[in-house]
Amino acid sequence: MVSKELEIAINKQINAELWSAYLYLSMSVHFAHKGLPGFANWFKVQFKEEQDHAHKLMDYLISKGNRVELQPIDKVDTSWDSLLHAFEVTLEHERVVTSLINNLVAMSRKENDFASENMLQWFVSEQVEEEETAQSLIDGLRLIGDNGFGIYTMDKELSKRSYTPLDTTTDSE
């Protein structure tokens, strides 16, 4: 069983992951409305991945005999000035999530909860990828600037991104 303190912290992380999903869903519909289906697709895949992250944490708590306590999701923004701004927000948000995950790892180490630390290492690796991807897209958008053909091309490229469901069961760890 996970300690009560770590259980509370993981429940907060579940809420953060669901808030992240809601943020990315908001970005997806915003860019769909702007006629950028590829960017909308990229954020829709992010939305689904964040839901998977929440489920992975929920499944873990349940497997350890702990409670999952879902909390209300705070409001998210619904529009962004530009593609670049949306991805800058994405990168900053992912950096916040990274710090939250790092705090959970530190807490599990402090408690000598090696099983939780092991499970959380998946999230540590995932956050490296999330930040790297966001930074790469920001770099590309900075190179493109206001070039319509560049944005069109990037939109077409991002439309190819597909969602691969995460096996959130603890057996896959």
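Helix axes here are lines fitted to C-alpha atoms over the stretch in contact, and the angle between two of them runs from 0 to 180 degrees between N-to-C directions. Keep that in mind for the helix pairs below. The model is predicted.

Start at the N-terminal end. S3 is found in the segment before α1. With a relative accessible area of 27%, S3 is partly exposed. Set aside the neighbours within four places in sequence, and S3 is in contact with N66 and E111. R67 is 64 residues from S3 along the chain, and the C-alpha atoms of the two are separated by 11 Å.

Next comes helix α1, which covers residues 4–33. Helix α1 has 30 residues. From its first C-alpha to its last, α1 reaches 44 Å, close to the 44 Å expected at 1.5 Å a residue. G35 follows α1 and has a positive phi, near 80°.

Helix α2 takes up residues 37–63. H55 lies in this helix. Is H55 buried, partly exposed or exposed? H55 has 39% relative accessibility, so it counts as partly exposed; the band runs from 20% to 50%. L166 lies 111 residues from H55 along the chain, yet their C-alpha atoms are separated by 9.3 Å.

Now look at how α2 meets α5. Two packed helices are described by the angle between their axes and the distance between the axes. For α2 and α5, the angle is about 40° and the axes are 7 Å apart. That makes α2 oblique to α5, because 40° is neither under 35 degrees nor within 65 to 115. The crossing of α2 and α5 is left-handed. Which residues make the contact? From α2 come P37, G38, F39, N41 and W42. From α5 come I151, M154, D155 and L158. By class, the contact of α2 with α5 has 6 nonpolar, 2 polar and 1 charged residues.

Move on to α3, residues 83–110. E92 has its place in this helix. At 46% relative accessibility, E92 counts as partly exposed. Q51 is 41 residues from E92 along the chain, and the C-alpha atoms of E92 and Q51 are separated by 19 Å.

The loop between α3 and α4 holds N112. Phi of N112 is near 55°, a positive value in a residue other than glycine. Is N112 buried or exposed? N112 has a relative accessible area of 52%, and the cut-off for exposed is over 50%, so N112 is exposed.

On either side of that loop, α3 and α4 pack against each other. Their axes are 9 Å apart, at an angle of about 160°. That makes α3 roughly antiparallel to α4, because the angle is over 145 degrees. The crossing of α3 and α4 is left-handed. The residues of this contact divide into 15 nonpolar, 8 polar and 8 charged.

Helix α4 itself covers residues 114–144. It has 31 residues. From first C-alpha to last, α4 reaches 45 Å, close to the 45 Å expected at 1.5 Å a residue. G145 follows α4, and its phi is positive, near 60°.

Beyond G145 comes helix α5, residues 148–158. The axes of α4 and α5 come within 9 Å and cross at roughly 155°. That makes α4 roughly antiparallel to α5, because the angle is over 145 degrees. Here α4 passes α5 in a right-handed crossing. Which residues of the two helices meet? In α4 they are L137, L141 and I144. In α5 they are G150, I151, M154 and L158. The residues of this contact divide into 6 nonpolar, 1 polar and no charged.

The spacing of such residues has a general background. An α-helix has 3.6 residues a turn, so residues three or four places apart point the same way.

Finally, put the two α5 contacts together. I151, M154 and L158 of α5 meet α4. I151, M154 and L158 are also among the α5 residues in the contact with α2. G150 is listed in the contact with α4, and D155 is listed in the contact with α2.

Conventions. Residues numbered from 1 in each chain as written. Predicted model: local features only at pLDDT ≥ 70, side-chain atom pairs only at ≥ 80, totals over all residues. Heavy atoms only, no water. Helix = DSSP H or I, 4+ residues; strand = E, 2+ residues; numbered from the N terminus. Expected span 1.5 Å × (residues − 1). Left-handed = near helix turned anticlockwise from the far one by under 90°. Contact = heavy atoms within 4.5 Å. Nonpolar A, V, L, I, M, F, W, Y, C, P; charged D, E, K, R; others polar. Buried < 20%, exposed > 50% of the residue type's maximum accessible area, 1.4 Å probe, protein only.
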